[in-house]
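Dear colleague,

I am passing the structure below on to you, and I would be glad if you kept it open while reading the notes that follow.

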Amino acid sequence: MLNSTVLSKNFLSDGYLKIRPKNQKYLFEIQKIITNKISKTKLSKKNQISFLNNFHKFQNPSNLNDTRLKIYNYINSKSIFSKMYYEIVKEYLDILVGNELVMQNKINLSIQLPNDKSSILPMHSDTWSGDSPFEIVVWIPLVNCFKTKSMFILNPKESKHFYINYKKNSKKHDSKSLFNLYKSKFKWIDIKFGEVLIFNQCLPHGNVENITSETRWSLNCRFKSLFSPYGTKKIGEFFKPINIKPASVIGFNYNDPLAE
Ligand SMILES: [Fe+2]
């Protein structure tokens, strides 16, 4: 049984939770769907991770986005994929977000080859580009991620300082020097395949050039409470409802008989 008080407290104080879901079988299944799509041979569980880590040895960087899109379209055409994604983290989302949810329609895939500058995501918060602050991100690594093969996040305490000084600092610094100003404060997420990261996307986060010798593979998907305020990304277009309760169905279908 999960301790909801401890999980909530840790999520609020650290800005993220690194969890080991009990449903490991779905994590392997997700990894298998992706590797089967691109590998010419069937791979064992052990070889799946090695294939992904060494992907840069057979992938031309100039075609990387085509490969990524091919996999992205494939995984998002299978409803079982998003069902498994949700099931992996359901018991944690029940605690952190609620049980009537919306989930991003399309799960994102990120592939970061070693020394490839084209897939850098500079420091940002998703809210800066219109996401609702009520959204959280579920980030699933398909390989072990560490150092520059992973991502960084600024904790809530440092983020408070960052935001208080943001107006002043953004006039004095370009995004690179703003990044350097806070560089020593970032938490670099060390996470293994089999674990999942749930993070607060209002906090500054991002990645840098992957200077390790392995390729990073990760998936990300946003969730929010059905009834919390929306940003520019709306239900129906960007989000799909999941786990809607009968009382909400009744409410959505109710027509006021006295309405004009
Ligand atoms: Fe982001």
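To begin with a single residue, in which strand is the place of Asn 200? Asn 200 lies in strand β7, which covers residues 196-200; please bear in mind throughout that the model is a predicted one. The relative accessible area of Asn 200 is 21%, and since buried would require a value under 20%, this residue counts as partly exposed. Leaving aside residues up to four places away in sequence, Asn 200 touches Phe 11, Gly 15 and Ile 153. With Phe 11 the separation along the chain is 189 residues, while the C-alpha atoms of the two are 8.1 Å apart.

Phe 11 also leads to the helices, as this residue is one of those through which α1 meets α5. Helix α1 (residues 4-14) and α5 have axes that come within 9 Å and cross at roughly 75 degrees, and α1 is therefore roughly perpendicular to α5. On the α1 side the contact is made by Ser 4, Leu 7, Ser 8 and Phe 11, and on the α5 side by Tyr 92, Ile 95 and Leu 96. Sorted by class, the residues in this contact are five nonpolar and two polar, with no charged ones.

Helix α5 (residues 79-96) packs against helix α2 (residues 24-38) as well, with the axes 9 Å apart and an angle of about 150 degrees between them. Because angles over 145 degrees count as roughly antiparallel, α2 and α5 are placed in that class, and the crossing of α2 past α5 is left-handed. From α2, the residues Tyr 26, Leu 27, Glu 29, Ile 30, Ile 33 and Ile 34 take part, and they meet Phe 81, Met 84, Tyr 85, Glu 87 and Ile 88 of α5. The class count for the contact of α2 with α5 is nine nonpolar and two charged residues, with no polar ones.

Finally, a word on the cysteines, for which the question is how many disulfides the model contains. With a disulfide taken as a pair of cysteine sulfur atoms within 2.5 Å, the count is zero. Cys 202 is in no disulfide, and the cysteine sulfur nearest to its own, that of Cys 221, is 16 Å away. Cys 221 likewise takes part in no disulfide, its nearest cysteine sulfur being that of Cys 202. As for its surroundings, Cys 221 has a relative accessibility of 0% and so counts as buried.

With best regards

Definitions and conventions. Residues numbered from 1 in each chain as written. Predicted model: local features only at pLDDT ≥ 70, side-chain atom pairs only at ≥ 80, totals over all residues. Heavy atoms only, no water. Buried < 20%, exposed > 50% of the residue type's maximum accessible area, 1.4 Å probe, protein only. Axes fitted to C-alpha atoms, helices over the stretch in contact; angles between N-to-C directions. Helix = DSSP H or I, 4+ residues; strand = E, 2+ residues; numbered from the N terminus. Parallel < 35°, antiparallel > 145°, perpendicular 65-115°, else oblique. Left-handed = near helix turned anticlockwise from the far one by under 90°. Contact = heavy atoms within 4.5 Å. Nonpolar A, V, L, I, M, F, W, Y, C, P; charged D, E, K, R; others polar.
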